[in-house]
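Trainee: I have a model open on my screen and would like to talk through its side-chain contacts. Could we go over it together?

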Amino acid sequence: MTAIQLNAEILRNLGTLAEDENMLKRVAKYLRKLIAEKEADPTFLNKEEFFARVDEAREQIKRGEGVEMLPDESLDEFLQRVG
């Protein structure tokens, strides 16, 4: 399901709750909780941060600082080798 489809579904569902103030309060409280979790997640990167890291990785590769995973190497083996 695409983001546009998800947004449409959420808005449709909110429309069914629009006249129930208590339900809307519960939804708002849950949304605040989800936003707080997202902001507290140290692994979350916004679009700009993500692409900045991709650009930096490309520069590292150009400088010969990149590390490749060998064809028959497991992820555990790779992490032990480069860690």
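Trainee: Which residue does glutamate 56 meet in a salt bridge?

Mentor: Keep in mind that this is a predicted model. The rule asks for a side-chain nitrogen of Lys or Arg within 4 Å of a carboxyl oxygen of Asp or Glu. Here the N to O distance is 3.3 Å, and the partner of glutamate 56 is arginine 63.

Trainee: Is glutamate 56 buried, exposed or partly exposed?

Mentor: Buried means under 20% relative accessible area and exposed means over 50%, with partly exposed in between. Glutamate 56 has 37% relative accessibility, so the class is partly exposed.

Trainee: How far apart are the closest N and O atoms of glutamate 65 and arginine 63?

Mentor: Both side chains are partly exposed, with arginine 63 at 46% relative accessibility and glutamate 65 at 45%. They form a salt bridge, and the closest N and O atoms are apart by 3.1 Å.

Trainee: Which residue forms a salt bridge with arginine 81?

Mentor: Arginine 81 is partly exposed, with a relative accessible area of 43%. Its closest N to O approach in the bridge is 2.8 Å, and the partner is glutamate 73.

Trainee: And which residues do salt bridges that share partners join into one network?

Mentor: Glutamate 56 bridges to arginine 63, and glutamate 65 also forms a salt bridge with arginine 63. The shared partner joins them into one network of Glu56, Arg63 and Glu65.

Trainee: How many salt bridges does the count come to?

Mentor: Among them are the pair of glutamate 56 and arginine 63 and the pair of arginine 81 and glutamate 73. By the 4 Å rule, the count comes to five.

Trainee: Back to glutamate 73: is it buried or exposed?

Mentor: Glutamate 73 lies in the loop between α3 and α4. The cut-off for buried is under 20% relative accessible area. Glutamate 73 has 12% relative accessibility, so it counts as buried.

Trainee: Which backbone nitrogen does the side chain of glutamate 73 reach at 2.8 Å?

Mentor: One backbone nitrogen, that of phenylalanine 78, lies 3.5 Å from a polar atom of the glutamate 73 side chain. The nitrogen reached at 2.8 Å belongs to leucine 70.

Trainee: Leaving aside neighbours within four places in sequence, which residues is glutamate 73 in contact with?

Mentor: Arginine 81, its salt-bridge partner, is on the list. So that you can check it, contact means heavy atoms within 4.5 Å. With sequence neighbours within four places left aside, the contacts are Glu68, Phe78 and Arg81.

Trainee: Now methionine 69: which residues form a nonpolar surface patch with it?

Mentor: Methionine 69 lies in the loop between α3 (47–62) and α4 (75–82). It is partly exposed, with a relative accessible area of 39%. The patch has about 440 Å² of accessible area together, and the other members are Val67, Leu75, Leu79 and Val82.

Trainee: What separates the C-alpha atoms of methionine 69 and valine 82?

Mentor: Both residues belong to the nonpolar patch. They are 13 residues apart along the chain, and their C-alpha atoms are separated by 9.3 Å.

Trainee: Last one: at the start of α2, which backbone nitrogen does a side-chain oxygen of aspartate 20 reach?

Mentor: Helix α2 covers residues 21–40 and reaches 29 Å from its first C-alpha to its last, close to the 28 Å expected. At its start, the aspartate 20 oxygen comes to within 3.2 Å of the backbone nitrogen of asparagine 22.

Notes
Residues are numbered from 1 along each chain as its sequence is written. This is a predicted model: local features need pLDDT of at least 70, side-chain atom pairs count only at pLDDT 80 or more; totals for chains, interfaces and linings use all residues. Side-chain values use heavy atoms; hydrogens and water are left out. Patches are made of residues with over 30% relative accessible area and no salt bridge: like charges are joined within 9 Å, nonpolar side chains (Val, Leu, Ile, Met, Phe, Trp, Tyr) within 5 Å. Accessible areas come from the Shrake-Rupley method with a 1.4 Å probe; for residues, only the protein chains shown count as cover. Helices (H or I, at least four residues) and strands (E, at least two) are DSSP runs, numbered from the N terminus. Buried means under 20% relative accessible area, exposed over 50%, partly exposed in between (1.4 Å probe, protein chains only). The expected span of a helix is 1.5 Å times one less than its number of residues. A polar contact is a pair of N or O atoms within 3.5 Å; within protein, one must be able to donate a hydrogen and the other to accept it, and residues adjacent in sequence count only if both atoms are side-chain atoms.
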